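Please consider the following structure with attention to its interior. The account below takes up its enclosed spaces and its nonpolar cores in turn.

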Amino acid sequence: MNNVKAGVPVVQKAKSYLVGAGATALVEGAVAGDALTLYQYAADVTVAEGVQITNSTGAAITVNGKAVENGGQITATHRTVKTDEKKATCTEAGNIAYWYCSICDKYYSDEACTQEVTQEGTVVPAAGHKTEGGKWGSDWASHWALCDVCDVKVGESEDHKFVEGTCSVCDAADPTYVTASVEGEDNVETAEEAATKEVVASTASSVVEAAIGDIGKPAAEAELVKEGVVSAETYEAVQQAVQAGQTIDVVVEATPVLPEDVSAGDKDKVAAVVTEGGEIAQYLDLSVILKAGDKEIGTIDKLDEPVTFTVAIPADLVKDGRTFYVIRVHDGKAERLATTVKDGLATFETDRFSTYALAYEDVAPGGQPVAPGGQPTGPDAGGQPAGSATGQPADAKKPAAMALAQTGDPVPMAALAAFAVALAAAVVCGVAALRRRSAR
């Protein structure tokens, strides 16, 4: 060996010694079971698994990445790199955990390299989207399938198929399907119940549908706002509720109002149309309230067409010669509405909602109105017309309780309480609901 130039490979196999290129070829072609002794060779040796290497180079070397001191011996194993498992997604492939040996150019599914697999066998294909679970995404107008696994949209959007307020495909609620109710008492008889509920629900539904179509546009420019159906603020609130996926409900409320809670301006307007000798029995607030969930978001101020309200008049206030009528204050104007009184019920029609007053006057046998003191009024009665030449302003007219006390008629407290309750309760229907049919 002393005659071989330094750096030239010298390798022994059994009793054979190879030098130079032959030595290199011997190492590179060695197979499992071969035993080689290296006298001169590169410091980093790569051989097939199972080849036995004895280091006689006089210095430390590495065999398949493992250190071998001079005089040491090793049986070569695989030189591997591990690839961790990667889960496949619906759209991207993954892989199993595997080990690749750079020596034998093979893939293994175990670290000991006993379970060989192909490179293709390490790949886990993308699973593809699955929609068997019936998951849906939706907005107010359409729906689309969602992947059961990753929740992404699959396929194209389709229009909802609404039946009785619910999409028959995805169960989404129809934003234009409004539940209408009218607060009242069960023992109150009503007139034109179905028609009233239909008008209220239809108007509210029209507001919602128009608001959806105008999303992104200034509310003040909306036709329904210009027509006084709703305010710009209410219109915007409806749009926000729809975009948030909330369901719109509408409630008609009739609430008795104490005189001190009525604005001075409304009182003056009511007083201006009260007939001579007439008295105000009760103020009443009629409102059509839009709700999103439990939150009030505005009111409808004008319906598509008039509806009929029936106010129950307690028996204590009904007497011969007494006429009842309703006054409405809306948009700064007061007007007397045509009112029918029959069987203790005052019935009137309206399509606008704000402050109302139930008023009455007593008529003497001769056909002249009777003042609160019990004397006829008017130019032929010799008395003072009600509300004039008394030193009192027009809005100082007394409510029914005081007026009746002046006439000498007894006014039981129970009757006055019943009157307030009846005014709150006797609207067109008891608690009820109407859903606007829509099928798309």
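Which residues line the second largest cavity? In this predicted model, the lining consists of Gln 282, Leu 284, Val 311, Val 326, Phe 348, Tyr 356, Ala 357 and Leu 358. Seven of these lining residues are nonpolar and one is polar, while none is charged. Two strands, S22 (279–292) and S29 (355–363), each contribute at least two residues to the lining. Strand S29 provides the largest share, with three residues. The space within this second largest cavity amounts to about 30 Å³. In the structure as a whole, a search finds two cavities of 30 Å³ or more. As a general principle, rolling a probe the size of a water molecule over the atoms reveals where empty space remains.

The discussion now turns from empty space to packed side chains. In soluble globular proteins, nonpolar side chains tend to be buried together. Here the largest nonpolar core comprises 49 residues, and the members that touch the most others are Val 250 and Ile 300. Helix H2 (residues 193–213) supplies eight residues, the largest share of this core.

What surrounds Val 250, once its neighbours within four places in sequence are left aside? Val 250 is in contact with Val 178, Thr 179, Ala 180 and Ser 181, with Val 200 and Ala 204, and with Val 288, Ile 289 and Leu 290. Ile 300 is also one of its contacts. Apart from the largest core lies another, of 16 residues, including Leu 38, Ile 53, Ile 61 and Ala 76.

Technical notes:
Residues are numbered from 1 along each chain as its sequence is written. This is a predicted model: local features need pLDDT of at least 70, side-chain atom pairs count only at pLDDT 80 or more; totals for chains, interfaces and linings use all residues. Side-chain values use heavy atoms; hydrogens and water are left out. On a 1 Å grid over the protein atoms alone, a cavity is a set of points where a 1.4 Å probe fits but cannot get out, and a pocket is an open set with protein on both sides within 12 Å along at least five of seven lines; lining residues have an atom within 4 Å of a point. Grid points are joined across faces, edges and corners, and a volume is the space filled by probe spheres set on the points. Helices (H or I, at least four residues) and strands (E, at least two) are DSSP runs, numbered from the N terminus. Ala, Val, Leu, Ile, Met, Phe, Trp, Tyr, Cys and Pro count as nonpolar, Asp, Glu, Lys and Arg as charged, and the others, Gly among them, as polar. A nonpolar core is a set of buried Ala, Val, Leu, Ile, Met, Phe, Trp, Tyr and Cys residues joined through side-chain atoms within 4.5 Å. Buried means under 20% relative accessible area, exposed over 50%, partly exposed in between (1.4 Å probe, protein chains only). Contact means heavy atoms within 4.5 Å.
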